Amino acid sequence: MVRKKAGGGTPATLALDRSGVAYVVRAYEHDPAAESYGLEAAQALGVEPERVLKTLLVEGESGLGVGIVPVVAQLDLKAVAAALAMKKVSMADPRVAERTTGYVVGGISPLGQKKRLPTVLDASALGYAAVLVSGGKRGLDLELSPEDLVAATDARVATIARAQR
């Protein structure tokens with residue numbers, strides 16, 4: 001993979017640059033009316049939606065955590081709680097997610113967050129040579145190897161996704 005720098009960069013691209021991780025910037029024209037930011041990205045970029053990952057914040061008794069799952073799946077709250085060694089988690093309030101990460105909902109990247117949080121990557125991501133995550137704003141994704149994503153976020157890997165209902 002060839003590293004490409006975004007003009008000016010985002011905290012996500014700057015974090016990858018600092019760590020020396022190879023990635024590809026994949027930009028597209030974001031439609032504010034899109035119902036699913038992740039599915040919009042997959043379609044606009046012409047990639048399998050299983051390779052496009054969404055970053056979700058959860059809150060439990062010991063604080064916030066991050067779950068990264070394919071956009072075609074749902075986050076299994078019981079599974080992510082177990083992976084984070086918490087009894088129970090719920091989805092974090094979007095305002096808390098934005099304030100904690102420094103990103104807007106729909107553009108939350110697992111990389112370069114203002115505060116490093118315990119992170120869990122769904123095991124399905126390891127089945128691909130490259131995955132895409134938000135680059136820190138709507139309409140910007142970063143393509144990198146799942147192994148580099150794990151290293152850059154210090155993520156645990158576990159099965160935390162379940163099929164959409």
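This briefing walks through the strands, helices, charged side chains and backbone oddities of the structure above. Keep in mind that the model is predicted. Its centrepiece here is an open sheet of five strands, in the order S5-S2-S3-S6-S9. Charged side chains are the other big topic, with a count of four salt bridges and a network that links Arg-26, Glu-48, Arg-51 and Glu-143.

**The five-strand sheet**

- Let's start with a bit of background: strands of a sheet pair through backbone hydrogen bonds, and the pairing can be parallel or antiparallel.
- In the sheet with the order S5-S2-S3-S6-S9, the pairing is mixed.
- Which strands sit at the edges? They are S5 and S9 (156-158), and each of them pairs on one side only.
- The sheet isn't flat like a tabletop in its strand directions: on average, neighbouring strands are turned by 35 degrees against each other, direction ignored.
- S2 and S3 (residues 63-70) run antiparallel to each other, paired over eight bridges. To find one such bridge in the 3D view, look for Leu-57, whose partner in S3 is Val-66.
- Getting from S2 to S3 takes a hairpin of two residues.
- S2 also pairs with S5 (residues 89-91), again in the antiparallel sense, this time over three bridges. Here you can look for Val-58, which has Met-91 in S5 as its bridge partner.
- For a parallel example, go to S6 (residues 119-122) and S9, which pair over three bridges. Asp-122 stands opposite Ala-158 of S9.
- One more general point to help you read the picture: side chains in a regular strand alternate between the two faces of the sheet.

**Helices and what they pack against**

- Helix H5 (residues 146-153) lies across three strands, S2, S6 and S9. The angle between H5 and S6 is about 170 degrees.
- Helix H1 (residues 11-19) has Ala-12, Thr-13, Ala-15 and Leu-16 as its buried residues. They are on the same side of H1, because they cover an arc of only 160 degrees around the axis.
- What do the buried residues of H1 pack against? Their partners are strand S7 (131-137), S8 and H5.
- Just after H1 comes Gly-20, with a positive phi of about 80 degrees.

**Salt bridges**

- Arg-51 has a salt bridge with Glu-48, where the closest N and O atoms are 2.8 Å apart. Are these two buried or exposed? Glu-48 is partly exposed at a relative accessible area of 41%, while Arg-51 counts as buried at 11% relative accessibility.
- Arg-51 also forms a salt bridge with Glu-143, with 3.3 Å between the closest N and O atoms. This pair ties together parts that are 92 residues apart in sequence, because Glu-143 lies in strand S8 (residues 140-144) and Arg-51 in the loop between H2 and strand S2 (53-60).
- In the Glu-143 and Arg-51 pair, both residues are buried.
- Another salt bridge joins the side chains of Asp-93 and Arg-95, at 3.3 Å from N to O. Asp-93 is partly exposed, with a relative accessible area of 29%, and Arg-95 counts as exposed at 59% relative accessibility.

**A buried charge without a salt bridge**

- Glu-40 belongs to helix H2 (residues 37-45).
- Glu-40 is buried but has no salt bridge. How far away is the nearest side chain of opposite charge? That side chain is Arg-138, 7.9 Å away, and a salt bridge would need the atoms within 4 Å.
- So what does Glu-40 touch beyond its neighbours within four places in sequence? It is in contact with Tyr-28, Glu-29, His-30, Asp-31 and Ala-34.

**Positive phi outside glycine**

- Ala-85 isn't a glycine, yet its phi is positive, near 60 degrees. You'll find Ala-85 in the loop between helix H3 (77-83) and S5, and it counts as exposed at 69% relative accessibility.
- Asp-154 is another non-glycine residue with a positive phi, about 55 degrees. Asp-154 is in the loop between H5 and S9, and with 62% relative accessibility it counts as exposed.

Terms used. Residues numbered from 1 in each chain as written. Predicted model: local features only at pLDDT ≥ 70, side-chain atom pairs only at ≥ 80, totals over all residues. Heavy atoms only, no water. Helix = DSSP H or I, 4+ residues; strand = E, 2+ residues; numbered from the N terminus. Buried < 20%, exposed > 50% of the residue type's maximum accessible area, 1.4 Å probe, protein only. Lys, Arg positive; Asp, Glu negative; His and termini not counted. Contact = heavy atoms within 4.5 Å. Pairing = 2+ DSSP bridges. Axes fitted to C-alpha atoms, helices over the stretch in contact; angles between N-to-C directions. Arc of directions from axis to C-beta.
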